[in-house]
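Visitor: Please pick one part of this model and walk me through it closely. Keep it brisk, and give me the cut-offs as you go.

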Amino acid sequence: MDLDRNLNVLIIEKSEDAFNELKLHLDKIDNLSMKLFPAYTLENAISIFHQEAMDVCFFGVEMMSELGEIGMKTLQRKIAHAPIILICNDIPQEEYSENEGLNEYVLRKNFSASVLNNAIRHAVEHNEINLQLKAQEEKYNKLFYSSLESTFTINDNYKVLECNQSFRDLFDITNLDDFDFKKVLKYESEEEIFGQLSKTKERRAKKI
């Protein structure tokens, strides 16, 4: 993300006073140009996202209990590509932050231009890395599961951990847990094993 351009910043807070407190410090950041969008309800936040593309989202921790689990999941789906910075009163648990899909957090008592500037930059960087990893994972899954080759992974005990449909068709597998890969290990070498697999139903087996 180009941080030199004007950034649209959504601020989901419990009240106008809370928004103004954050705005006071954000306005003091000299090296970032931002347009701030306050939201005090889930509906308001989603409506703003439908009207404008958001670059960063600040989220008051108090709003989590008000939105509830379903509300949070709905909001996260709508703002999936925008980094989220949690506004806290106390330091959150690391596991909690990761589970909620948050990129950064700031403490209200530590509000300052420098702290918020660093939080925005770190959140943007962290979010871009996550999006790249997600894109790579989706690309891998697409290649893995849609391949015409019989593609699968096994552990050291020859337990098949995952496979694509071509592999299932190759052995008429309905329940992978019941499949015994050792039955195909009567051949002496790895080349013979995969060569034999490739002969079955004229499919090609690929080791990854």
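**Strand β1 and its surroundings**

Guide: Start with one residue pair: Val9 has Leu36 of β2 as its bridge partner. Next comes Leu10, whose bridge partner in β2 is Phe37. In a regular strand, side chains alternate between the two faces of the sheet.

Some ground rules. This is a predicted model, so local features need pLDDT of at least 70 and side-chain atom pairs count only at pLDDT 80 or more, while totals for chains, interfaces and linings use all residues. Residues are numbered from 1 along each chain as its sequence is written, and side-chain values use heavy atoms, with hydrogens and water left out.

Helices (H or I, at least four residues) and strands (E, at least two) are DSSP runs, numbered from the N terminus. The protein chain has 7 helices and 8 strands. Two strands pair if DSSP finds at least two bridges between them. Strand β1 covers residues 6–12 and pairs with β2 in the parallel sense, over 7 bridges.

Now the sheet. It is open, with 5 strands in the order β2-β1-β3-β4-β5, and the pairing is parallel. Its edge strands, β2 (33–39) and β5 (104–107), each pair on one side only. On average, neighbouring strands are turned by 25° against each other, direction ignored. Axes here are lines fitted to C-alpha atoms, for helices over the stretch in contact; angles run from 0 to 180 degrees between N-to-C directions.

How enclosed is β1? Buried means under 20% relative accessible area, exposed over 50%, and partly exposed in between (1.4 Å probe, protein chains only). In β1, 6 of the 7 residues are buried, so the strand is largely enclosed by the rest of the structure. Across the protein chain of 208 residues, 41% count as buried.

Helices lie across the sheet too. Helix α2 (residues 42–51) lies across β1 and β2, at about 140° to β2. Helix α5 (residues 113–146) lies across β2, β3 (56–60), β4 (84–88) and β5, at about 165° to β5.

Back to Leu10. Contact means heavy atoms within 4.5 Å. Beyond its neighbours within four places in sequence, Leu10 is in contact with Phe37, Ala39, Ala45, Ile48, Phe49, Met54, Val56, Cys57 and Phe58. Cys57 counts as buried because its relative accessibility is 0%.

A nonpolar core is a set of buried Ala, Val, Leu, Ile, Met, Phe, Trp, Tyr and Cys residues joined through side-chain atoms within 4.5 Å. The largest one has 24 residues, and Leu10, Ile12, Phe59 and Leu75 have the most contacts inside it. Elements giving two or more residues to this core are β1, β2, α2, β3, α3 (62–78) and β4. Another core lies apart from it, with 21 residues, including Phe19 and Ile85.

Ile12 leads on to Met63. Met63 lies in helix α3. Leaving out residues up to four places away in sequence, Met63 touches Ile12, Glu13, Lys14, Tyr40 and Thr41. Met63 counts as buried because its relative accessibility is 2%. Met63 and Ser15 are 48 residues apart in sequence, yet 10.0 Å apart in space, C-alpha to C-alpha.
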